[in-house]
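User: I am new to this structure and would like a close look at a single part of it, explained slowly and with each term made clear. Please take me through that part in one connected account.

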Amino acid sequence: MIQLGKDRMTQKVFISYSHIDEPFRQELEDHLAMLKRDNLISVWHDRKIDGGDNWKNEIDKNLDSADIILFLISSKFLASDYCMDVEVARAIEKEEEGTGRLIPIIIRPVDWQASQLSKFQAFPKDALAITKWENQDEAWVDVTQRLRRVLADFVPNTVPVQSQLDLSNDIKVSNSTLDWLNSTEISFSHRHVDLVKLSHIFVWPDLLLDQDVKDIEIIDSKKLVSQKGRYFITGEEQQGKTTLLKAIYKEALLGSIVPIYIDVKNLKSSDLNKMLEKALNSQYENLDLNKSQDFEVILLIDNLDENGLNRKGLNRFLESVEEYCDWVVITAHESYSLMASDITYLAEYKEAEIQGLGHYKREEIARKWISLGQEETIEDKELYKRCEEISAYLNSIIRKNILPPKPIYILMLMQMHEASTKQNLDMTSHGHCYQKLIYQDLEKAKVKSAEIEKYMNFLTELAWTIFSNEGPLNLHFKEEFFKQYNNTFMQVDGNRLIATLSHVPILKESDGLLSFSYPYIYYFFTAKKIAEGYQTKPEVKDAFEKLLAGFHREDYSNILVFITHHSKEKWVTDEINNVLSGLFKEQTESKLNNEQLSFMDDFLSQIPQLIIQTKSIQESRDERNKRLDKLSRENADDERENDDVPSDILVSINKTFKGMEISGQILKSRHATLEKSILLTLAENGTSTGLRFLDYFISISDSTKTEVINIVLSLLSESSDISNSELEDQAKKAYYHLVYSVINGVVRKIASSVGSREAYEIYVELEQKSDSPAITLIKQAIDLQFNRNIDFVELERTNLKLKSNPVCQHILKEIVVQHVYMFPTDYKEKQRLEELFGLPVKRQRLFDSNKRGKG
């Protein structure tokens, strides 16, 4: 229970109710007694109006001054015009201003979700009406505890939002500018708010500084407002360049800096003074910079790449900018950066490129989206559970940038996910998500409904041609494609279609080569062609065999996943299962039993004891996401999608991990449409492939143990004065630690690749069919990773089953500890884990607010 100190300001609670519900208001006030006694709240309701007072004025006055507004919801309340049209309307305004918090308390069953109150988090738990609880005192206790949490977190704005942005009492930001700052440009729908504003969902993107050094530097774009200078910021289409300037504009105002925004798209004159005069008149009221010399100015120039000036006019314009202001942020499309080096007045600008949202930023925007409209009431456990669910969903669709991680796509995907969850639809099929994004692009390109199929067919045949050509089409191959297409299908104007599709952009032409703008579109349409032509066209069937033979390649494995979206035919999963079954087929499936792992017995006694530390959940998650972002950047530098074939064993290892991912992708996306027997076979084959590789690794580890230890020993001895016996001991420890880490890593990799929340019953059935400790461990890892709750009954059963297997039990402990760091776990749960596994909880000394000053 959260306790607040005496120095916390008392917050005023306004209770609105229908007089027929007077007994409920009295019950509530009785339960609020402790909050009043602790000076956390004062309470006002209309029974406190004295005789002779103007009741309407008194209600309006006290509602305006309230910090917390409680509405006791019943059919009578909703039927009251004054309650709904006056009090609710004003309370919603206070919510939007940040000067008050509106909380509906459902006292009797009623269809309140149809009202404007539906977007607010209702009390008690699950919005179950007070009268529906078996013990109504428990319901009121739940309300009181939730209210206590709101009081702990909510700090009402004392100044309305608009006046916070005004530069002074006289100099104000115009209403049109405020609307522009709040606009998301594209409308998003959310279940808890009527209007999604930019401030609700914006996260500061990372910037990659252009430095002529090997080590890249990533900075937070918010530094552009705190570090004065001249910046030239580039980014792809829809990367968020204008949105970043809006955020800088607002942040500058909060720091009493005057931001001036100028869009130079189609600029026809280099006269900066005229532009400044027009901008100031439209963006501010009563601001004359000639008279107000005290203000610092930051100039924000948008769309430099689309200016209509020639080289001479552009240099004159930029020269005027340099003379006028020494704090400037200019944005342009990334392709313009190639020309920027030839523009004299951009030479001194710091150049940076807007980055896509990595794991860290994606989780930040997911947290904002999930908690929108319920920031003060959503429980941490629910927040992080849903956050992990959405993050996993986003990561599985974005994957290795096959869909660019731009804010616009992230928000669209979260909106799709929320809509499908709310309506109980199966939108987890990733192919459906990509398909919807493609249709949205065609709609954006103003393609008529009657022509959609023509465009889809054109893109399918183009993707197939690029795949067959093993790369983008030059002018010659493009003309050949047009000729072949018009001979086979109804004639089209290929150049017109390409121009339309390049504008969206679905296609792109660069250096005379035609290709798809983003990998996911290319994979989608190539897979569509293969799925449709497999049964009838020998060349398509040959292409599918080529994909299977080379699915260690990133592009081939992605096309295979998309094929499973386009075709529900059994041949797809049969062929994938056949390939998986052939990997490391000479090995048996590793069970990770004591007999197999006996060579590690001595090592186990030396593993340090695991401890559950009391640490911030958010810090742990941030550390993980930043680590993943760093790995993503490093992998992006090293990535190669070509035909270079490494040794057979490396190909098999790569195929093993790709194969597990493919089977997992199918399980995640097709769990609702494939027969259960097919899903079970896929899960078995994906898991078995990983365990056969593990058997191979353990067998070579055991057989080459002495040789590897001797190599490590020789390396250590070259620069050491430690005795030979001590060196040998260190070499053995290093070797066994490596082996243990690989076993641990492969088990987790199998769980994360093959596992899914939607198909969890498949893994339960898989474990029931097996006596393998490895399968038990994998199933438990899937349970924690995807269901995100600790089922202590199941965990105790698993622990008992693995009790005689020290290696597996230690891996289980590590999986549990990792879960504790990623998700909120209350102290009682930590105590149960301590009892179950002997995992000590490292307690930090915390201030006990119940003992005032006696921490």
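Analyst: A residue is called buried when its relative accessible area is under 20%, exposed when that area is over 50%, and partly exposed in between, with a 1.4 Å probe and protein chains only. By that rule C808 counts as buried because its relative accessibility is 0%, and C83, at 7%, is buried too. This is a predicted model, in which local features need pLDDT of at least 70 and side-chain atom pairs count only at pLDDT 80 or more, while totals for chains, interfaces and linings use all residues. Residues are numbered from 1 along each chain as its sequence is written, and side-chain values use heavy atoms, with hydrogens and water left out.

The part to look at closely is an open sheet of seven strands, which follow the order β7-β6-β13-β8-β12-β11-β9 with mixed pairing. Strands (E, at least two residues) and helices (H or I, at least four residues) are DSSP runs numbered from the N terminus, and two strands pair if DSSP finds at least two bridges between them. At the edges are β7 (217–220) and β9 (257–263), each of which pairs on one side only. From one strand to the next the twist averages 25°; such angles run from 0 to 180 degrees between N-to-C directions, with axes fitted as lines to C-alpha atoms, for helices over the stretch in contact.

Starting from the β7 edge, that strand pairs with β6 (residues 206–209) in the antiparallel sense over four bridges, and D206 has D220 of β7 as its bridge partner. On to β13 (residues 350–354), β6 is joined by three bridges, again running antiparallel, and here L207 stands opposite I354. Further along the order, β11 (residues 296–302) and β12 (residues 328–333) run parallel and are joined by three bridges, with L299 facing V328 of β12 as its bridge partner.

Two helices accompany these strands, where contact means heavy atoms within 4.5 Å. Helix α12 (residues 272–283) packs on the sheet and touches β9 and β11, its direction making about 115° with that of β9. Helix α13 (residues 311–324) lies across β8 (230–235), β9, β11 and β12, and runs at about 160° to β11.
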